[in-house]
Amino acid sequence: LFRSWFNQLRYGYNGAEVNPIDSLDENEIPILFFHGTADKLISYHQSEWMYERNKGDRKGIRLIPDTPHAHAWNHDPAAYEAAIREFLENGTAETLS
């Protein structure tokens with residue numbers, strides 16, 4: 001409740017009203033998604049949907065097996081950093097594990 005109030009006050013929006021996937025219909029900004037398949041807070045399928053919906057030419061997705069929410073880097077730091085380098089150099093990083 002506090003977070004929604006704070007976001008409304010500071011940023012002018014309520015978190016309950018935000019739907020990130022809708023912003024991707026016209027997106028042309030390069031975007032790289034990382035998501036753990038063991039995420040219990042947000043299903044990794046949401047990253048798959050967002051990846052598919054994104055209209056930009058430079059997009060990537062990495063699904064990290066057996067990894068909980070916000071632990072993609074912790075799972076394999078070298079692979080995470082390599083994916084970022086690949087994305088920055090080539091504009092792609094499509095690995096659905």
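Student: Which residues make up the largest nonpolar core?

Tutor: Keep in mind that this is a predicted model. In soluble globular proteins, nonpolar side chains tend to be buried together. Here the largest such core holds 7 residues, and α2 and β2 (59–64) are the elements that each give it two or more. Its members are I21, L24, F33, M50, Y51, I61 and L63.

Student: What does L24 touch, leaving aside residues up to four places away in sequence?

Tutor: L24 belongs to that core, so start from there, because nonpolar side chains tend to be buried together in soluble globular proteins. Two of the core residues, F33 and M50, are among its contacts. The full list is I31, F33, M50, R53, N54 and K55.

Student: Are the buried residues of α2 on the same side or on opposite sides of the helix?

Tutor: The buried ones in α2 are S47, M50 and Y51. They span an arc of only 100° around the axis, so they sit together. W49 and E52 are exposed on the other side. For the buried set, then, the answer is the same side of α2.

Student: Which element gives the largest share of the lining of the largest pocket?

Tutor: The pocket has about 160 Å³ of space. Its lining is N19, P20, I21, H35, I42, Q46, S47, W49 and M50, which divide into 5 nonpolar, 4 polar and no charged residues. The largest share, 4 residues, comes from helix α2 (residues 44–53).

Student: What pattern does the chain follow along the sequence?

Tutor: Count the elements to begin with: there are 4 helices and 3 strands. Reading along the sequence puts them in order, and the pattern is α-β-α-β-α-α-β.

Student: What percentage of the contacts with a separation of 6 or more comes from residues 24 or more positions apart?

Tutor: The chain has 97 residues, and 27% of them count as buried. Among contacts with a separation of 6 or more, the share from residues 24 or more positions apart is 67%.

Student: Where is D66, and is it buried or exposed?

Tutor: Most residues other than glycine have a negative phi. D66 isn't a glycine, yet its phi is positive, about 55°. It lies in the loop between β2 and α3 (72–75). Its relative accessibility is 67%, and the cut-off for exposed is over 50%, so D66 is exposed.

Student: What is the phi of A70?

Tutor: A70 is in the loop between β2 and α3. A70 is exposed, with a relative accessible area of 67%. Its phi is positive although A70 is a residue other than glycine, and the value is near 65°.

How values were computed: Residues numbered from 1 in each chain as written. Predicted model: local features only at pLDDT ≥ 70, side-chain atom pairs only at ≥ 80, totals over all residues. Heavy atoms only, no water. 1 Å grid on protein atoms, 1.4 Å probe; cavity = no way out; pocket = protein on both sides within 12 Å on 5 of 7 lines; lining within 4 Å. Points joined across faces, edges and corners; volume = space filled by probe spheres on them. Nonpolar A, V, L, I, M, F, W, Y, C, P; charged D, E, K, R; others polar. Core = buried A, V, L, I, M, F, W, Y, C linked by side-chain atoms within 4.5 Å. Buried < 20%, exposed > 50% of the residue type's maximum accessible area, 1.4 Å probe, protein only. Contact = heavy atoms within 4.5 Å. Arc of directions from axis to C-beta.
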